Structures are given as C-alpha cells and as structure tokens.
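Please open the structure in your viewer and keep the selection tool at hand, since this tour goes from one stop to the next and says at each what to select and what is there.

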Amino acid sequence: MRFRVAYLLPPALLPLAVLAASAVGEFGCASSTAQEALRTFDRAERLATVCVRVATIKDGVRTLIDPVAVPDGECPKVPGATDPSAALAHVVGFVTQTTRGELAAVDLSSSSILDVDRTTPGVDPIVAPTLPTDVAASSDSSTIFVAGGSPGAYALYGAPTVGLLGQGFFVGATPPPSLLAYRACALPSRPSRIFSLPNDATNPFASPGRIAVVLGGTRLDPARVLVLDAAPFTATGSLVPGEIGACPILGSIEVAGAPSAVPSGQAWGDGLGFDGGTAAIPLPGAPAGCKTAGDAGADGGSDAGAGDAGAGDAGAVPEASDAARIGDGARDDHYLYLADSARPVVHVIDVADPAKPKELAPYVLTSAVDATRVGGTLSVAVSPPTRNFKRFLYAIDSVDGSIAVFDATDPTTAARAPLQRPHPEANPFQAPDRLVFGAKAAQVAFARHDFPLLRDAKGNSLPSPKTGLLCNPNPGATDDGVAYTANGNYTATALGPNRLRGIFGFVTLTNGEVTVIDVDDWDAPCRRPADLGGTVPVSDATPTMPVGPSSDPYGAPIAASGATTDEAYYPVSAPHRPRTSYFLREDADQGRKIPALASPPTLSLVDAPLPTQGPEAAKYPTILPTTTAVRDFTLADPASVRDASVTTPSATSVPGVRLSWEAPELQVDQTWTVAYEGVLPGFDGLSGRLSSTDGEKSLILAQPDALFCRRGVEDAYAGRERATRLTPALATSGGAPSRNPAKTLADYVQITNDVLPSSDPWWTDGVLPSSCEAVLPGSANQRQALCQATFGNVSDELLERDLPILEAYDDRLVLGRFGYTDRAKGISAREVVAADGSNADLLRRARCCFQDRVSFQVRAGASFVAVGSASGYLHHVSRDPSGACVLSCSDRERLLESRVFPSPRPTAPAGFVAVDRNSPLAFRNPFFSFVAYEAAPGAVGAGQTTAPGRDMTFRFQTRGGYSSLIYNLAAQSSAVSPRSLQYIESLGELAVVDGSAQGLVLIDLSTLTLGRPSVN
C-alpha cells in the first residue's frame, strides 16, 4: 500500500457548533444552541501562541484558577488520546481575522474556539482593529500585540494576555475583552509584521521586552523598522487605555538596502556525513563546438530542454526600480529577515542595539538559469541550528513559487547568493539554486522535532530524557544513538520516513499540500544500505568512507546487523530535498520502491509486434543495458539491485536498459517509447509558409510560433557535431554501421497535408503564381496529377515528402532534399544533400503543389528518439544570439537527451565491446541508459539493410517512482488558501492558518496526523 500522510487525515472537519460545545465540558454550558448560526474564521491570517496556566493542584485535587500567562515550558504536549482537561496549562493561540477585523482566541490544547463573552449567544471573538495585519506575544507572554492596518488609523495595540481571554476560561466575572479598550500607539504607515524582542536573551520572561514593528512601505512612505519599548503597553505603562498615544520608539531604520555584486553561491552539503562526494558526476562528452566542459559557449544555454531560460551568471544582480515593499518576515535572535515583495531580496536588520538598528547586506535571489529575472520575495523562514551549527534561510521566489536556500549561520559574513544543490547535473529538471515543487510554494516554516530517549542503549531509565542524538549503526558504537537504530530499543515510532527526528522544513503549496523537506535528519546515518563497501568498481567520483575502529555514525562501511533500513540509496535523507514517503527499497509490504522496469521492452511496427528473442529477433534492432564502472555517491549499488550484466546481443538476450540511481527524487512511474526516426512532439496543428531566397537550392519554412529550438530540433550542423564524437567510437565497435552519421544525422520535415483536388481554383491560370507555371505545366488536371504523383497522399508517406533540415532557427527552418544511393532501400539508403542546384526541381514542386504553405511534423533523422509519458521529449538544444538552434554546452543540460544512433551489431563473442553509459554510442538521459543495435548482418536477406525501419518502436514502463511525504489540506476541501505556518514546539505540532474553509489545522509531527480536530 502506498503510504502518504494524506491517508491519515481525519473525518470531515467538525463544525464550530460541535467544537464550541466540546469546549465547555470543563468550564460550563454555552449559551448557544444548535439552531443558532455560528460564525467561523473569516480569512484567518496570522497566529501567535502563549502558554496559559488554568489550574493548580491543591491538596491533591486539580482546582481551576484565574488564567495566568506562564513560560512555554509549562505547556507539555497533550497527546491526542489524553483528556486536555487534565492539563494544568493550555496553549492558547490568537488568530487574526482580516475580513471582520477580529481576533479569535483558540484553546489549541483542546482544539476549541474560546467564547470570551458568555452573556451573549454564540461564540464571540475579540473585537480588534479593522484589517489586523499581524499578532505577536511579548517575550514574557504577558501582553498580546496586534497591528492595525486600517487606512488612516494605523496603530499598534497591546493588551494583557489574560484580559483577552475574557470568559473563555470561566472562573470569575471577567468583562468581555476589546482591544480598542486597551493601550495603543499611532504608526506613521501600514504595519505588515511585528516581532517580539526580549530585553534579556538569557531570561526572556524577565520583562515584556521590546517590539519590532515593520512598516511595509508605500509609494510615499518608505518601508521602515521601528523598535518599540513594550513596557508602556503594560498595566503600569504610560500609554492610556482606550486612547491612541505616541509610540515609545527606541530606534528606527529605513529599509533601503540594495544589493551590490553578489558572488555565486556555494553548494550545500550532500548529506554523506563524511568527506567525499563532491566530484562531478561523469557525463557524456560535450558537443564538439564547446571549448571546455561546462562552458556556455556561443549559445549561452538559453531555451534549454528543461524549460528554463538558459544558463546565466549566478552572480548577476537583478535590477528593480520599485522601492522596498515588506510583506513578510522572520526573526532569528536579534536579526530580522524581511521579504521584499517588490524586489528579489531578503533584507537583514540587526536590532541588537534597539536605539541603533542597522541593515546588513541583503540576501539576493539571483537565478542560475535566468540572470535577467526580476521578481520579489513572498515569504521567508529561518531554521533552528543543525547539529553542525548551521542555520538556513528559505525564501519563496514570487516569480515561480520556488524556494531559494541561503546560509544564515552568520548573517554578517554569509554569502548573499542562493546555495546550489550538489551535483545539479544529475537532475536537470530542478534549477541548480532552487527547490521547485508541483505547485507554487505559499508559506514555509521549520521545526526541530525529536522523540526523546527515555532509556539508554542498555535499557536503563534515564534521569532526564535525552534529545538530539544521531542514530548510530556502527558496529563499534557504544553511545545511546544505537537505541534509535532499526533493531534498537526505541520502538514507539520505528525508524523510517514517518519518524521525524531533527530539523525539517515544511512548505505549504497553493494546491493545499504541505510538503516535508529534510534539512538535518538525525536518523540519516541509519537510512542506508547495510553494506556500503560493496564489490562494485569505483571511480574518482566515489567518496572514500573512513574505515577502522571508529564508532562514528558515518564511519561504518558495513553496519551492525539489522541496524539500518537497508534502503538502496545513500543518503536517503539528503539536505534540502523533499522527504520520501516510502522506504527506498524492495519491500514486502510497500512493493518495489526503487527504479525498475515493469517488464522487458517490446518491439513493434505500426502496432504489430516484432520478436525480441529467438532466431527471428536477429532480423530486428534491439536495445541492451550499458555498462558503468561508477558506484555513484548516492548509491551503494549492491548486487541485488543492479541491472542485469551486459552480454553480447544474441538470440537469448533480453532487451533492457540500465536505470539511473543518481537522483531518486526525479524518478517517476511512466511509459517510454523509443522510436526510430520518431516524430518530435509539439508541432501538431502548425503550418508554415514556404519560400526561397536562392532559387530553390533550399527552401525556407517559416513559422514564428513553432519555437523550433525550444522544441529540440537539430539541423545538419548539430548532426555533424554529434558525428564528430560518434565516428571514432563506431570505428572500434566491431562492425560498420549501415548509415554514415556525418551525412544522415539531421532532423527532417515531413509534409502532412494532402494535395488539393483538381477542382480547386489554385490550379487555374491567374491564381497559380507565374513562378509555378513552368514547374507545373499543362491544364489544372495535369498540374494536380503531377503533384499527386510526386507526393501522393499523406497515408502513402512517400519519401518526397521528407525534406532534411539544413539549418534550424527558432522561427524558421532551411530545408534541402535527400539523395539516395539505392532508392529501393528507402530511408536506410539516403543522405542529406546541402543547398544545391540539383534540389530545385523537387523543392519548387513542394512549394507550388502545396500553395506555398504546408502542415508538417518533424522527425529525427537516423536516430532512435525516446519520449516519456511524464517527462516528454528531452533535449539540450538552445538558441544562440542569432536565433540559430545549437547544442547547449551546459553540463547541467548534458543528460537532457532523447536520441541515439544505432550501432552495428557485434559478432559474438570476439567482436563485442561493452558500451559504457557515457560512450558516444550510448543513449543516456537522467532516468536510464542503453545502447541500440541494428539487426544482425547475417540475419537479414540479400539486398536488405540492417538499419531499423521508420517507426520501429520499443515500449517499456519504469516503476519505483519517488513519492514525497505530504499532508494534503485539500483532501477535505478544495477551498484552500494557506496564509501562515508556524511550529508550536510545546505541542509538537505544526499550525497551518488557512484563509479559506479550513481555518486552523494542527498537524502532529509525532504521528503525522491531524493533532486534534481542526478549528474552523
């Protein structure tokens, strides 16, 4: 069974009437009835939480008391199966509602909205300023601050926490609360965020501290940060209740930081835990026109097959003319990180000195794929420190909803460009400096979560729970980390995808999914194969694992018996990668969750099956796995999961491919077709105009909307570049190919519209252009008959309909013709003829017989073309400054490949040479590799060719696709608009504030289920 968090969703959300009724079980009866229309959250936006003591133990009896704000540590997590009425302290959240201008008080420990006024029917919220923009609790939890965003009445309101509870925790006769009756101060412009700042970092409960107010900025008022003293808002403070006074500003600063030159970001860690794995993955060779591997060359990498805008300079600074607009932010210690919605930057404000806040250099969302892109930053979050004392800043890019990852360990010295993923060439579908999801990211947050160890490795009770331990599979380990191994004595939640121990990111997407991101998984050393030593040959890219008597969690090539999950990849929990929802292994319960073929490839021609084994199979092409000498850094590659050994093609050979293991997250379940001279997708329904500028030595097919480069068309120039690398390899392959790659590798246009009937006016004098009268002499019937004889019907697929592409540009193609050494052998005996006078007769007929306009499709010349049902047609064709289609020189795009030239079938056994996956003879894309062989020379009949026939097609299905760990908010309602995200450490739960139907959702990170019924 496929395991996803979404399977564990609760029943339909409880209506507020039920929640309100359940909330009064301890404190009395609600005055509302089931018939009364009760109000739910209305555009919930922001959340602030405090811990409130509501009871005490007196003479062994739990006794209710007037609520008191207390430190968060007094609010232990309330398990879902435990009656919250037994707790002495509850976690209370205050949620802004922007439509009505209200503040809802929510008892998060019991998932109920507090009725702050029990003298009126229904559940009453707290009256707040119209358009409240944010809410925060003071550092000592004694005061709740609300930012008012009503035009002309911008203010900061402060009220005692217990006063806002009103009669929600009913003991005494508490009057109904209203923020408007408490202390407030006027702000010069609209506030967007507020942050609590402690006076005393070692004891934040010593005083109410300070408040940082972020003014978002307008055309007339620049964005600013004000640091205010929180004391005037308290009961003994100088501000007058019910009045709006002057704000007690300690210091302020205008947010105006603009980026200067930004160096390229460094690669983030690969999660191996030991030295190694930083060398580039060996790749197929670069096109002949590239200066060096990775050189962008003349093309600049634009319009590459992955759909990005090309390789750009990561150090370029995007320009933006608008002033700063701050919509979101995050605080870490005395640093504020402010998302600028108008510019692609994150401002950094140091408020350590409240009287003199200062702005540091901003983080810049440069783009490695589009240096000219200008957008903004939607939301930011800062991680807790990892085990190696790293902090990370996640920033959501407004352009595409992707996430940039920054090093925020030391904001004064950290690089200002996004970190880059290690080995980006292994997954060209992801930008090298972004996390990209299936939908746009809306909000992001981090959580530090653990399952504290109550007993040591020997089973002895610990005086206090231990937390932060690395799982240790080392046979020589003596530390308590062995308790977390697969065979350890910690069994409450088993080692695997659902046990969240460490630092994790959580991203809400616009489609309602909450995705879990691995940042620092403390179980990572145990999520691995049992044997990392192996017998597979290694290369320079393979890391060297420490060996010897070490007890380090990352120093065990062979783990202790039964200690690991024995998954096929390493690392499974890689930093800044969506967490897998499955074990990446072949599992009796979950099935095979590693790359695999559902069955061997089949071969067909026009849907008629052709043999792939047995004596008759030698008459047809075959595909076989490549070999490789690389044990990749991500894969232990034990013999049990390796592809079948590469053998000489024979009657017993089973067609197959070698699946790739470098990047598990890119694998998806899909169907592949590998067709000889197959059709390139994307040109259905298009037609182009034919013309000539050289007397029909060549034709120009113009179609501005075709985007030939973006759709991966390769002309004769690209074919010759491929042949430069291919020809020497063919010379050592043990046979001669049936076709010369230097003369045949070029895509060609196939005309797909019929010749007009003889009754069409086109054939008459005066309508037919004068330039066509000499080409098509005679009557209308004779003209039409000549064209029909030359080109036939579309279904006839006459060879005259095929015109090779001499030059390809994004908006046009330059076409020639094919010459034939033996026309009876069809496509296997033809070669590309360059622009030449001998082309004129055929090309003039093509122009005149089809009214100068043709519908068409593009086919790959002399090559097999692979197309995936999910990934489509992959290519690394880009557009140079002149608009010409060229092969990209970017290493990151090297595996965006869909073509392979068929090799001659070797004679067995002496002529066989195993083909490496990086050989020019091999096909290799990010998912798999293979070598394609022609038919056996001795098997075909006299006068027949060994080359494949057009549209001979191999089909196969890949399985074992990667599935990310998600929680689907939209499973209950499609009306989802996540507005904010916050981890509540005292509950161990993630709070998702939804501005639409869901209200407030709590996700228990211990069980990855709904914490308790959602509050809506």
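## Cavities, a pocket and a helix pair

When the whole structure is searched, 13 cavities of 30 Å³ or more are found; as you look for them, keep in mind that this is a predicted model.

For the first stop, select Arg 722, Arg 725, Glu 897, Pro 920 and Ala 922, which, among the 26 residues that line the largest cavity, lie nearest its centre. The volume of this largest cavity is about 370 Å³. If you then add helix H3 (716-731), strand E48 (899-900) and strand E49 (922-924), you will have the elements that each supply at least two residues of its lining, and helix H3 gives the largest share, with 4 residues. Colouring the lining of the largest cavity by residue type should show 13 nonpolar, 5 polar and 8 charged residues.

Move next to the largest pocket, which holds about 1,700 Å³ of space. Its lining has 48 residues, and the ones to select are Thr 49, Phe 195, Arg 331, Gln 982 and Tyr 983, because they make a good starting point for the view: they lie nearest the centre of the pocket. The elements that give two or more residues to this lining are strands, and you can select them in turn: E1 (44-58), E7 (132-137), E11 (191-197), E16 (326-332), E20 (377-382), E23 (441-449) and E53 (978-984). By type, the lining of the largest pocket divides into 26 nonpolar, 11 polar and 11 charged residues.

The next stop is a pair of helices, so to speak a change of scene, for which you should select helix H6 (residues 780-791) and helix H7 (residues 840-849), whose axes come within 11 Å and cross at roughly 120 degrees. That angle makes H6 oblique to H7, and the crossing of the two helices is left-handed. To see the contact itself, show the side chains of Leu 786, Cys 787, Thr 790 and Phe 791 on H6, together with those of Leu 842, Arg 845, Ala 846 and Cys 849 on H7. The residues of this contact divide into 6 nonpolar, 1 polar and 1 charged.

Two details of the backbone remain. Select Tyr 570 and Pro 571, which are joined by a cis peptide bond with an omega of about 0 degrees; Pro 571 is found in the loop between strand E27 (513-521) and strand E28 (577-578). Finally, go to Val 606, in the loop between strand E32 (602-605) and strand E33 (608-610). Although Val 606 is not a glycine, it has a positive phi of about 50 degrees.

Key: Residues are numbered from 1 along each chain as its sequence is written. This is a predicted model: local features need pLDDT of at least 70, side-chain atom pairs count only at pLDDT 80 or more; totals for chains, interfaces and linings use all residues. Side-chain values use heavy atoms; hydrogens and water are left out. Axes are lines fitted to C-alpha atoms, for helices over the stretch in contact, and angles run from 0 to 180 degrees between N-to-C directions. Angles under 35 degrees count as roughly parallel, over 145 as roughly antiparallel, 65 to 115 as roughly perpendicular and the rest as oblique. A crossing is left-handed if the near helix is turned anticlockwise from the far one by less than a right angle, and right-handed if clockwise. Contact means heavy atoms within 4.5 Å. Ala, Val, Leu, Ile, Met, Phe, Trp, Tyr, Cys and Pro count as nonpolar, Asp, Glu, Lys and Arg as charged, and the others, Gly among them, as polar. On a 1 Å grid over the protein atoms alone, a cavity is a set of points where a 1.4 Å probe fits but cannot get out, and a pocket is an open set with protein on both sides within 12 Å along at least five of seven lines; lining residues have an atom within 4 Å of a point. Grid points are joined across faces, edges and corners, and a volume is the space filled by probe spheres set on the points.
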